[in-house]
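Reader: I am new to this structure and would like a close look at a single part of it. Please take one helix and go through what lies along it, then say how the rest compares.

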Amino acid sequence: YREGDTMTCCRCLKIPTYLRDPRDSGGFLLMLLLMMMCALEPMFHCLPEAQEEFPSQTCYAAEKITYIYSVFCMGAMAIHWLLLIDLSVFSTGLSAFVLVISKVLSEMNRFLITLLWLLIT
């Protein structure tokens, strides 16, 4: 970014060109989600109220942010697993499993679309 290796996004926002790669942009998005998770960590919000039970995630201050924290956790887990799917080439069994799952999911998608079309008509 310092060297000026950027591209323009939305006509006004300059972003580094390495974010064109899906793995790099996924890693960047994962970093942002982990930073948001750290900022919204319920244990940090319970520190002022925790006296007897120190590591606690259940307090009044944490009740307000628990849902949004769980949404960020879900997104981070999904992106983490999507980034790890590239490692499936190192194991033949895992690679076969990923291949079968992708084919089954595409067939399930076609089946559900057809079923929805039949139900609508």
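Author: What follows is an account of helix α5, with a shorter account of other parts after it. The model is a predicted one.

Helix α5 covers residues 92-120. Along the surface there is a nonpolar patch made of Val100, Val104, Met108, Phe111, Leu112, Leu115 and Leu119. Together these residues have about 670 Å² of accessible area. Two members of the patch can be taken one by one. Val100 has its place in α5, and because its relative accessibility is 48%, Val100 counts as partly exposed. Met108 is also placed in α5. With a relative accessible area of 43%, Met108 is partly exposed. Since partly exposed covers the range between 20% and 50%, neither value reaches the class called exposed.

Helix α5 also carries a charged pair. Side chains of opposite charge can pair when their charged atoms come close. Here the side chains of Glu107 and Arg110 form a salt bridge, with 2.9 Å from N to O. The structure holds one salt bridge. Glu107 and Arg110 are both in α5 and sit three residues apart, about one turn of the helix. Their exposure can be stated for each. Glu107, at 45% relative accessibility, is classed as partly exposed. Arg110, with a relative accessible area of 52%, is exposed, because the exposed class begins over 50%.

To place the helix against another part of the chain, take Met108 and Gly26. Their C-alpha atoms are 26 Å apart in space, and 82 residues separate them in sequence.

Now the nonpolar core. The largest nonpolar core has nine residues: Leu30, Leu33, Met37, Leu40, Ile65, Tyr69, Phe72, Ala76 and Ile79. Helices α1 (22-39) and α4 (66-84) each supply at least two residues of this core. Helix α4 gives the most, with four residues. One of the core residues, Ala76, is in contact with Leu30, Leu33, Leu34 and Met37, leaving aside its neighbours within four places in sequence.

Last come the strands. Strand β1 (residues 6-9) and strand β2 (residues 13-16) run antiparallel and are joined by four bridges. Cys9 stands opposite Leu13 in β2. The two strands, β1 and β2, form a hairpin with three residues between them. In the turn, Cys10 has a positive phi of about 60°.

Terms used. Residues numbered from 1 in each chain as written. Predicted model: local features only at pLDDT ≥ 70, side-chain atom pairs only at ≥ 80, totals over all residues. Heavy atoms only, no water. Patch = residues over 30% accessible without salt bridge, like charges linked within 9 Å, V, L, I, M, F, W, Y side chains within 5 Å. Areas by Shrake-Rupley, 256 points an atom, 1.4 Å probe, with all protein chains shown as cover. Salt bridge = Lys/Arg side-chain N within 4 Å of Asp/Glu carboxyl O. Buried < 20%, exposed > 50% of the residue type's maximum accessible area, 1.4 Å probe, protein only. Core = buried A, V, L, I, M, F, W, Y, C linked by side-chain atoms within 4.5 Å. Contact = heavy atoms within 4.5 Å. Pairing = 2+ DSSP bridges.
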